[in-house]
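Let's take a friendly walk through this structure, beginning with an enclosed space and then visiting two threonines.

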Amino acid sequence: MEKKFKKIGVLTSGGDAPGMNAVIKSVTCAAIEKGVEVIGILGGYSGLINDRTRKLTALDVTDIISKGGTMLYSDRCDEFKTEQGMQKAIATCKRHNIDGIIAIGGDGTFRGATDLSIRGIPCIGVSGTIDNDITATDTTVGFDTAMNTVLSLGDALRDTSESHARCCVIEVMGRNAGYIALETGIALNAIGVVLQEMPFDKERMFAKMKKMRELGQRSFVVIVAEGMGAPYAEALTKEIEEKTGIESRFIRPAHIVRGGIPTLADRSFASKCGYKAVEALLEGKSDLVICSRHDEIVTTDIRWALIVDRMYKGKLKDGDLDKFTPEQIEEMKALCKERHDYFVKNYEIVNSIGC
Ligand code: ADP
C-alpha cells in the first residue's frame, strides 16, 4: 500500500440505484481495515464543490447494505463541468487532505472522475445505474434489483389482466439501453418487447395476440423501453385495442423501479466492486472503472470505457480513437459486437417464446 493514502473520499452521483449503499459500506469498511480514513461527500459532485462532507466510521455503515437509495444522497451538478467548479472541488479535497476519491454512478459520473484525475486527484469509478448502460461492464450495480422490481410489478399486473382479460403495456426505465426491457420481457412472458436496439415487428405481434385470444388466452404483457420516447407506449396501447380488439392499459412504474431493497446479486456485486476500488486506489492506481467481465471483477481504464460506450452507441467523434493503440481499438470493436450479439440472440428468444 502506498503511504500517501491516509484519507479517501466516496460519493454517489447521477441517478441513484439500489446497491449504492452496499458499495459505500464496502468502500468504508475495506479502507478502514487498511488503516485509511473515509470521508463521505454528500450530494455527489455538488457536495465536493460546496464542501458538504462527513466522516464515515464502520458503525455509520453497518446497517446500510440492505437499504435502497444512497445515504450520501445524489445530485446532478453542472458547475462541476466548469473549470471553476472543478477548482472548488479540488480545494475541498486539499482542505480535508482527501488523497483520492471513489465515485459511484454512471458514465456522466465517470466523465467527472476522469476530469478530476487529470487534475491530480486520483479517482476510481464504480457503476451505480439501474439501466446497465455502461458498455465496458457486463452488469452494473442496481440492474438486478431494478429487473426484480419490474418482475414483481409485472406479475401483479398479469394477475389483474387475467381477471379482466386485458393487455398491459408496461414502460420500463432505460433511456439509453433496453436491457431491463429485454430481460423482464423474457421473465414476464411478454408477447412483445420494444426497445431501441432491435427493430420491432408490430404487425407480427398483433397477429400473434389475435391468434392467442382465439385460442382462449385472456391476459397479455407488452414491455416497452423508456428509450422509445413518450408517448410511444401510450400510442401502442391504443393501437393494440384498435388492431386486436383486446382491452389494454398503459402503465409507467417510472421511479418506483429505482428504489427498494437491493437483491443478493446487487449486494454481492456492489460489495466486491467497492473492495476492488479501494484496493486499486490504495495501490496508487487512478482513472479506472471497476467492471464485471465474464463473471470476474476487473479494472478498466475510464477513458477506454467512455470511448467504447460511444462506439457502441454510434456516437464516436473525430479524434476519439487517436489516443488508443490498434489492439485497444480491436478490443473495443469486439466488445461492441458482444453487446450487439447479446441483443440479437435474446431478442430472437423473446420473440419466439413470448405469448
Ligand atoms: P450518470 O452518472 O448517472 O450518467 P449524469 O450524466 O447526470 O449521471 O452525470 C452525473 C454528474 O457527473 C453530472 O451532474 C456532473 O456533475 C458530472 N458530469 C457529467 N458529465 C461530465 C463532464 N463531461 N465533465 C465533468 N463532469 C461531468
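Which residues line the largest cavity? Keep in mind that this is a predicted model. The lining is made up of Asn132, Asp133, Ile134, Thr135, Thr137, Asp138, Asn176, Ala177, Tyr179, Tyr312, Lys313 and Arg339. By character, these lining residues split into four nonpolar, four polar and four charged. Domain 1 (7-142 + 262-315) and domain 2 (146-258 + 341-353) each supply at least three residues to the lining of the largest cavity. Its volume comes to about 60 Å³, and the count of cavities of 30 Å³ or more is one.

Now for the two threonines, set side by side:

| Residue | Helix | Relative accessibility | Contacts beyond four places in sequence |
|---|---|---|---|
| Thr184 | α6 (residues 179-187) | 2% | Met147, Val150 and Ile223 |
| Thr244 | α8 (residues 232-244) | 15% | Phe206, Met209 and Lys210 |

Is Thr244 buried or exposed? Thr244 counts as buried because its relative accessibility of 15% falls under the 20% cut-off. Its side chain also has polar partners: the backbone oxygen of Ile240 is 2.5 Å away, and a polar side-chain atom of Thr244 lies 3.1 Å from the backbone nitrogen of Ile246.

Thr184 is buried too, since its relative accessibility is 2%. Along the chain, Thr184 and Val257 are 73 residues apart, while 12 Å separates their C-alpha atoms.

Technical notes: Residues are numbered from 1 along each chain as its sequence is written. This is a predicted model: local features need pLDDT of at least 70, side-chain atom pairs count only at pLDDT 80 or more; totals for chains, interfaces and linings use all residues. Side-chain values use heavy atoms; hydrogens and water are left out. Buried means under 20% relative accessible area, exposed over 50%, partly exposed in between (1.4 Å probe, protein chains only). A polar contact is a pair of N or O atoms within 3.5 Å; within protein, one must be able to donate a hydrogen and the other to accept it, and residues adjacent in sequence count only if both atoms are side-chain atoms. Contact means heavy atoms within 4.5 Å. On a 1 Å grid over the protein atoms alone, a cavity is a set of points where a 1.4 Å probe fits but cannot get out, and a pocket is an open set with protein on both sides within 12 Å along at least five of seven lines; lining residues have an atom within 4 Å of a point. Grid points are joined across faces, edges and corners, and a volume is the space filled by probe spheres set on the points. Ala, Val, Leu, Ile, Met, Phe, Trp, Tyr, Cys and Pro count as nonpolar, Asp, Glu, Lys and Arg as charged, and the others, Gly among them, as polar. Domain bounds come from an automatic or database domain assignment.
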